[in-house]
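Colleague: Before I use any of the terms in your notes, I would like to hear what each one rests on. Could we take them one by one, with the definition set beside the value?

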Amino acid sequence: MEEFLKRCEQSGDAAYGALRSLLERLEDPSTRTDARVFLSELQKRFSSKEASERDRCLETYHFQIQDIYLEQYEGFEKRKKLSMIVIPSIFMPEDWSFTFYEGLNRHPDSIFKDKSVVELGCGNGWITIAIAEKWLPLKVYGLDINPRAVKISWINLYLNALDDNGQPIYDGEKKTLLDRVEFYESDLLSYCRDNHIEIDRIVGCIPQILNPNPDAMSKMITESASEEFLHSLSNYCALQGFVEDQFGLGLIARAIEEGISVIKPLGVMIFNMGGRPGQAVCKRLFERRGLRVKRLWQTKILQAADTDISALVEIEKNSPHRFEFFMGLAGDQPICARTAWAYAKAGGRISHALSVYSCRLRQPNQVKKIFEFLRNGLTDISSVLDLSFEDESVADEKIPFLAHLANILQDISFFSYQPPAGSRRFRSLISGFMRTYHHIPLTADNVVVFPSRTVAIESALRLLSPHLAIVDEQLSRYLPSQWLTTLNIEKAETGKNSEEVIAVIEAPRQSDLMLELIKKLKPEVVVTGIAQFESVTSSAFEHLLDTTKEIGSRLFLDISDHFELSSLPSSNGVLKYLAGTPLPPHAMIVCGLLKNQVYTDLEVAFVISEEEEMFKALCKTVELLQGSTAIISQYYYGCLFHELLAFQLADRRPPPLRNGEKAKATAVNGFSSSTLSLLDHTELSINESDESSLVHMDADQSFLPLTKPVTAAIFESFARQNITESETDVTHGIRQLVSSSYGFPSNCNTEFIYADCPVALFTKLVLCCVQEGGTLCFPTGSNGNYVSAAKFLKAKIASIPTNPEVGYKLTEETLTAALKTVNKPWIYISGPTVSPTGMLYSNEEMNKLLSVCAEFGARVILDTSFSGVEFNSKGFNGWNLGATLEKLSSANSTFCVSLLGGLFNGLKFGFLLINQPFLMDSFHSFAGLSKPHSTTKYAVKKLLDLREQETGNPLNATAEQMENLENRYKHLKQTLESSGWEVLEAQAGISVVAKPSAYLGKTIKINKSGSSQEIKLDDSNIREAILSSTGLCINSAKWTGIPGYCRFNIALEESNFKRALDCIAKFKSSVGK
């Protein structure tokens, strides 16, 4: 005994060394009894002393044995106290921890029974041991970052688990505290994470004041560290990189987020919270992380005299926030940290509120998924994540979507190919909802997805090109103004080529009035909704069906206002009718999805048709006019449909029976012969089935891995709440982008217009050209989808010849020769990167081309949406068009350049800059543009801001992606050339064009319509032959416009790119067999 005490008397470090030696004896079963008896004797030696003598023990021997009385309960054997050793370098039991234990006592006795529990910041372990003593948990882990605290906690465990004779103390379940309690050194919950331990209960009493000396917290935490430093760990915390750092709550914030990862779905977290930052701040700390929080107990305690609050004073100086202290325990008026600091300096005692909070995850699995995603290098987003919702219906919708989005962004490295008519999964969910809730036997091949209801209606009208249409007045407001103002409603003479615009007559939304107008005017197309009072039964719908069928009209019925995304949908007469009767061939259902709980402006629409010809025509129309619908919007509503379907058993109900076959269609307004010919001969996407696994080298998008900034921006845009208008204003960033990349001038008169993708903006410009009576000139070797869209919109089109000697680029000579023969020319130029050839226009070349355009007063559409990926651009120094454009525009008022652009990085976003007022007016007369949602604009702005802050460009390809594309190009070129293709040299972009010279004129057997056929290969069938024999989709010369040359997209996901190369080799081996 004396030797032990003499050793302890030397210093705190020596005392700790002696205690550690004692622990080694306690851990050894052969010496455990003697060691525990020694502890009993040590305790008796000091328990007989006066209180002052016992206190001096800490000063003299650098340790103390305290009795902590637990008067509110009696544990097993009616034990009312725990005996605990304390040393100067660890947190000593005081008001802070006593209040916390009182808060734990506010829970029912079942809270910890048979549960796995963790205490964070266990100090000398008294609360950990008390939990095990009172509530008999399955296991309690006491964790502390201070290694000395862990060793002392183990000693205290043996001190209380064994009696004075060193014998085990058993509880009612025949277990000892040694069976229930373990202590480990751990930075918060790292021990549990590293060992994959799931926890039922997490309790924590954690420091909540920033260290006034931040450098001190960066020291290595070891047993040999100074006593002062180790003790500071119990008073202060370091900056943790959370927004709550400003309140000193960063360590608590990290503990909660780590807790989310290890706690079981129905688990509970309980934390002691000093009220200094204010109760609202403390509650929000939990709520914005998806936790329901309850305050169990609150009191006031005196601020520890050895805690320096100057860090809080500094925070107040630099922010509007005010902390809450009180003068003494009796004070009830809060004072700020600066006042409290001054009062304490003058000798006053200050106090603060202390609360115990209990919290549970509101949607455990989803919230855990969100934070699992954020731990993948996206921890910065947790500062803006907000999962607190006053309305439970909003929480029930948004949290599952965030989890779904996290799952998508975590599991995929890129956005995979989706058909332009809508993701097949999304269309299957829509049809599944119709089957399950409304008993309508639809499939994905009855559903076409559009960006909005307005776009769907306008697209359908452009497809059918009726001379006269009647449109419900609530649906006509966003149609082109020319359609609503023309007075020419008489039908053109048979055989006469009529160029007039569609005449739209607005009608009231009341079936009897609508029917009267239909009978009198006999329109070719009717677009209408149904009034609320008529929607419950199918009577009004049936009258519309009969009347339109009788006169041969197409009917598009809008059910948006009556369609409910609910597990308890209201009665809907239209859907009840369709449950029992097939939709007639002349009728389509239109539905705009806008009724979500979170985003009033996030829209997707779908059109239902049970006629195959109409379904295919609508698929092609949306591809030509819109490109596709934003995939994130489909994910959002897809998540809502999935939530409504996921809990139901599959195939539980028999397929619904409908009355008879579909009625034979009478003569109805069909597609014009020119439209049919165009759709049949336009090279568009392959409509694949569920089982097919085609490789798409025919898509105008990148499938390269999403960069970390893009992934973060997409998720953050949905994780935020209350986004301000300035946070979605991308105009400044786009202005900087086009200025630095192309030298394109913009001023206060420049209009910036945004859309879901560049295709939608391009089609509006085509309409402006048509309205002006202009001729749209495409260089040979332009993007085939754009050329087909212009033809679909009935634009006058001229082709400007290009030559292979210059890589099929425009030259001054070819452009001048072409413009001499064209009236009111509109010139489409893809640059700097030419799509699809991958060539580059230099700054000098483009300035010369613009000079020629200005000479003829041409309108120029300068399309940069395929640029930003210059992987083989030696000698290319970008563009600086500013001086040339200003000079040319001032010399010729009819000359103008509109700059079209988009993003390369996986986000669908298009922008258009217009400088001419007359063109702005014309453009806006064609309403119904599908505009990007605020979340998309938020994400784009984040990336634009990053572009200004950093070198490199997160909007376009990264250096790694550039290198990847260059390697892809070389690899594809080598494969093609070794397989008999002539490859055109490419410098940039995501496309390569090549000519199948070795195959033309040769024969190949392909499967067509279920039978084997032998065909001779030429430009017209090379695409079909490659698709049929290998499953590889490419574009043929019909699409590229260059005789003999096919297009290949190289920006595929790695495994698909390898498959594509295999397909090319496979085709070579198939030809001639």
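Modeller: Let us start with pairing: two strands count as paired if DSSP finds at least two bridges between them. The strands and helices themselves are DSSP runs, numbered from the N terminus, with at least two residues of type E for a strand and at least four of type H or I for a helix. This is a predicted model, in which local features need pLDDT of at least 70 and side-chain atom pairs count only at pLDDT 80 or more, while totals for chains, interfaces and linings use all residues. Residues are numbered from 1 along each chain as its sequence is written, and side-chain values use heavy atoms, with hydrogens and water left out.

Colleague: What makes E19 and strand E25 a pair?

Modeller: DSSP gives 5 bridges between E19 and strand E25 (residues 910-914), in the antiparallel sense, and the rule asks for at least two, so the two strands count as paired. One of the contacts can be named, since Tyr754 has Phe911 in E25 as its bridge partner. Both strands belong to an open sheet of 7 strands with mixed pairing, in the order E19-E25-E24-E23-E22-E20-E21.

Colleague: Why are strand E19 and strand E21 said to stand at the edges?

Modeller: Strand E19 (751-755) and strand E21 (796-800) each have a single partner strand, so one side of each is left without a neighbour in the sheet. From one strand to the next the twist averages 20 degrees, where axes are lines fitted to C-alpha atoms (for helices over the stretch in contact) and angles run from 0 to 180 degrees between N-to-C directions.

Colleague: How do you know that E26 and E27 pair, and which strands are the edge strands of their sheet?

Modeller: There are 2 bridges joining E26 to E27, in the antiparallel sense, which meets the cut-off of at least two, so they pair. In E27, Lys995 is the bridge partner of Glu982. Strand E27 (residues 991-995) is also antiparallel to E31, over 4 bridges, and the open sheet of 3 strands has the order E26-E27-E31. The edge strands are strand E26 (982-983) and E31, each pairing on one side only.

Colleague: What is the side-chain pattern along strand E31?

Modeller: Cys1046 and Phe1048 point one way from strand E31 (residues 1046-1049), whereas Arg1047 and Asn1049 point the other way, and all are buried. In a regular strand the side chains alternate between the two faces of the sheet.

Colleague: Why is Tyr808 called buried or exposed, and what of Lys794?

Modeller: Buried means under 20% relative accessible area, exposed over 50%, and partly exposed in between (1.4 Å probe, protein chains only). Tyr808 has 9%, so it counts as buried, while Lys794, at 44%, counts as partly exposed. By the same measure, buried residues make up 60% of the 1073 residues in the chain.

Colleague: What makes the phi of Lys794 and of Tyr808 worth a remark?

Modeller: Most residues other than glycine have a negative phi, and most peptide bonds are trans. Lys794, in the loop between H29 and E21, has a positive phi of about 65 degrees. Tyr808, in the loop between E21 and helix H30 (812-819), has a phi near 60 degrees, also positive. As for peptide bonds, the one joining Gly831 and Pro832 is cis, with omega about 0 degrees, and the one from Ser835 to Pro836 is cis with omega near 15 degrees. Pro832 lies in the loop between strand E22 (825-830) and helix H31 (843-855), and Pro836 lies in the loop between E22 and H31 too.

Colleague: How many cavities are there, and what makes a space a cavity?

Modeller: On a 1 Å grid over the protein atoms alone, a cavity is a set of points where a 1.4 Å probe fits but cannot get out, and lining residues have an atom within 4 Å of a point. Grid points are joined across faces, edges and corners, and a volume is the space filled by probe spheres set on the points. By this rule there are 13 cavities of 30 Å³ or more, and the largest has a volume of about 830 Å³. It is lined by 45 residues, of which Ser628, Asp700, Gln701, Cys757 and Lys908 are the closest to its centre. H24 gives the most to this lining, with 3 residues.

Notes: On a 1 Å grid over the protein atoms alone, a cavity is a set of points where a 1.4 Å probe fits but cannot get out, and a pocket is an open set with protein on both sides within 12 Å along at least five of seven lines; lining residues have an atom within 4 Å of a point.
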